[in-house]
Amino acid sequence: MTATASCCCSSTLAWARRPRAAPPAAAPRVVRCRAYAPPSEAAFHPDVSHAAESLQAEFRAVDSALALNSSRVAAAFRRARVAPHYFGGSTGYGHDDGGGREALDFVFAEIVGAEAAIVRPQFFSGTHAIACALFALLRPGHELLAVAGPPYDTLEEVIGIRGAANVGSLKDFGVAYREVGLATDGGIDWDALACSIRPHTGCAFIQRSCGYSWRKSLSVADIRRAIDLIKARLFNSMQNPNCMVMVDNCYGEFVETSEPAMVGADLIAGSLIKNPGGTIAPCGGYVAGKKHLVEAAAARLSAPGLGVEFGSTPGHIMRALFQGLFLAPQMVGEAIKGGLLIAEVMSAKGYKVQPLPRVPRHDIVQAVELGNRERLIAFCEVVQQTCPVGSFIKPTAGETPGYASEVIFADGTFIDGSTSELSCDGPLRDPYAVFCQGGTHWTQWALVLSEVVKVI
């Protein structure tokens with residue numbers, strides 16, 4: 001084998017030394033112009049292609065907001081002097097993290113306009129982060145007031161309005177609960193809110209996203225107005241200006257160009273496998289806001305006296321948290337475009353959607369009322385079949401920890417449960433609405449919808 005290879009090599013070199021005839025003159029090349037055909041014409045159903053073409057102005061508006069948010073994120077990274085040695089992990093007590101943990105907290109606080117933040121892989125979920133924030137704000141004898149109707153299903157057991165007693169809910173610790181119902185238009189009932197704060201109302205809870213309710217998600221302007229009403233005495237001497245405001249920020253980060261902490265929220269909390277993880281954070285959550293309140297939430301995550309100083313972090317996670325946060329505005333922008341496309345296509349097919357087509361977005365969730373169990377399951381099956389991971393799996397409705405009803409999920413994602421990647425889910429109850437979110441590019445939803453319109 002060696003001799004043959006050597007012989008071939010010699011022959012090749014000898015041929016290379018031979019004089020070569022000049023190549024014939026090339027014939028003039030004629031370039032024919034043709035109209036550019038976007039990939040959507042071949043890859044997507046015609047109805048989906050038409051909807052995407054009609055949304056170009058809305059897509060450009062999303063890109064404008066994306067640019068502003070990306071600029072804010074990049075500036076925060078530069079101010080923190082983020083460097084490669086911050087991506088290393090720590091073991092044991094986590095004292096020697098090389099400064100990465102503190103830098104990540106600083107960057108996140110800068111981005112959302114808060115005094116401080118705690119960003120940790122030890123938060124199991126957004127519900128866990130929100131629970132830590134609520135327990136930081138409330139004490140026995142206090143009242144928790146939900147400002148925009150009932151909370152998301154997974155918070156019901158945290159509050160104690162569902163589930164067993166003596167498991168450590170707020171109710172078990174002597175915290176009362178009350179809620180302000182929604183107005184007829186599905187938004188905040190401003191008149192009711194104006195006189196709802198009582199002397200013992202320790203925390204007003206604002207859920208930014210719709211959750212599993214058929215209601216409007218709240219804009220940052222709505223949240224600012226609610227905070228002004230909550231903090232003001234107005235004409236009612238019973239109003240409590242010392243009432244803390246906690247915002248469940250899940251699904252809302254980077255959708256607008258400002259965040260609730262910038263307009264007076266005392267604490268905000270959310271999950272890193274939603275918007276701020278940029279589709280690559282493998283786990284975790286955050287609490288941000290007033291410094292002393294963030295420290296109180298950190299004490300709930302760890303223990304009093306330990307706070308933000310403890311907690312090991314595997315090495316591969318820190319880089320993913322930093323990089324995911326940097327990518328978050330771009331990923332959120334694509335998810336918003338996907339939501340716009342879902343609303344446009346499904347409303348054209350006669351389905352009720354929330355938000356309505358072509359209206360400003362305040363979170364990445366797009367709901368579609370499908371009307372019956374069969375269509376809800378069929379929609380989720382199509383999403384699963386189109387996913388890059390687990391496309392062969394058949395979604396099955398069932399009981400899920402934290403949820404009151406049977407729920408069906410479709411999430412063929414690289415990170416288990418990551419709703420910043422393409423996913424959808426819905427409770428098996430009237431009106432059988434599916435809640436769609438995520439997508440690393442709007443064309444992911446275009447591909448899904450091209451199959452959905454054939455099935456339902």
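In the predicted model described here, proline 355 lies in the loop between strand E8 (352–354) and strand E9, and the peptide bond that leads into this proline from glutamine 354 is cis, with omega near 0 degrees. The same loop, between E8 and E9, holds arginine 358, a residue that is not a glycine and yet has a positive phi of about 65 degrees. Because its relative accessibility is 38%, arginine 358 counts as partly exposed. Most residues other than glycine have a negative phi, and most peptide bonds are trans.

A second cis peptide bond joins aspartate 430 and proline 431, with omega about 10 degrees, and proline 431 is placed in the loop between E11 and E12. In the hairpin formed by these strands, which has five residues between them, tyrosine 432 takes a positive phi near 55 degrees. A further positive phi in a residue other than glycine, near 50 degrees, occurs at arginine 81, which is found in the loop between helix H4 (56–79) and helix H5 (100–112). With a relative accessibility of 69%, arginine 81 counts as exposed.

Strand E12 (residues 433–437) is paired with two other strands. Strand E9 (residues 366–369) runs antiparallel to E12 and is joined to it by four bridges, with glutamine 366 having cysteine 436 as its bridge partner in E12. Strand E11 (residues 423–427) also pairs with E12 in the antiparallel sense, over three bridges, and here serine 423 stands opposite glutamine 437. E12 is mostly covered, five of its five residues being buried; on one side these are Ala433, Phe435 and Gln437, and on the other Val434 and Cys436, so that both faces of the strand are covered.

The largest nonpolar core contains 134 residues, among which Ile206, Met246, Leu341 and Met346 touch the most other members. Helix H11 (residues 315–348) supplies the largest share of this core, 15 residues. In soluble globular proteins, nonpolar side chains tend to be buried together. When residues up to four places away in sequence are not counted, methionine 346 touches Tyr351, Val353, Val368, Leu370, Phe379, Leu449, Val452 and Ile456.

Helix H13 (residues 442–455) has 14 residues, which at 1.5 Å a residue should span 20 Å, and its end C-alpha atoms are 20 Å apart, in agreement with that expectation. The buried residues of H13 are Trp442, Trp445, Ala446, Val448, Leu449, Ser450, Val452 and Val453. Leu447 and Val448 are touched by threonine 386, again not counting residues up to four places away in sequence. Threonine 386 itself lies in helix H12 (residues 373–386) and counts as partly exposed because its relative accessibility is 30%. Although threonine 386 and alanine 410 are 24 residues apart in sequence, their C-alpha atoms are 9.9 Å apart in space.

Rolling a probe the size of a water molecule over the atoms shows where empty space is left. The largest pocket has a volume of about 760 Å³ and is lined by 35 residues, of which Ser125, Thr127, Thr154, Lys274 and Tyr403 lie nearest its centre. The elements that contribute two or more residues to the lining of this pocket are helix H6 (126–137), strand E10 (407–410) and E11.

Terms used: Residues are numbered from 1 along each chain as its sequence is written. This is a predicted model: local features need pLDDT of at least 70, side-chain atom pairs count only at pLDDT 80 or more; totals for chains, interfaces and linings use all residues. Side-chain values use heavy atoms; hydrogens and water are left out. A nonpolar core is a set of buried Ala, Val, Leu, Ile, Met, Phe, Trp, Tyr and Cys residues joined through side-chain atoms within 4.5 Å. Buried means under 20% relative accessible area, exposed over 50%, partly exposed in between (1.4 Å probe, protein chains only). Contact means heavy atoms within 4.5 Å. Two strands pair if DSSP finds at least two bridges between them. The expected span of a helix is 1.5 Å times one less than its number of residues. On a 1 Å grid over the protein atoms alone, a cavity is a set of points where a 1.4 Å probe fits but cannot get out, and a pocket is an open set with protein on both sides within 12 Å along at least five of seven lines; lining residues have an atom within 4 Å of a point. Grid points are joined across faces, edges and corners, and a volume is the space filled by probe spheres set on the points.
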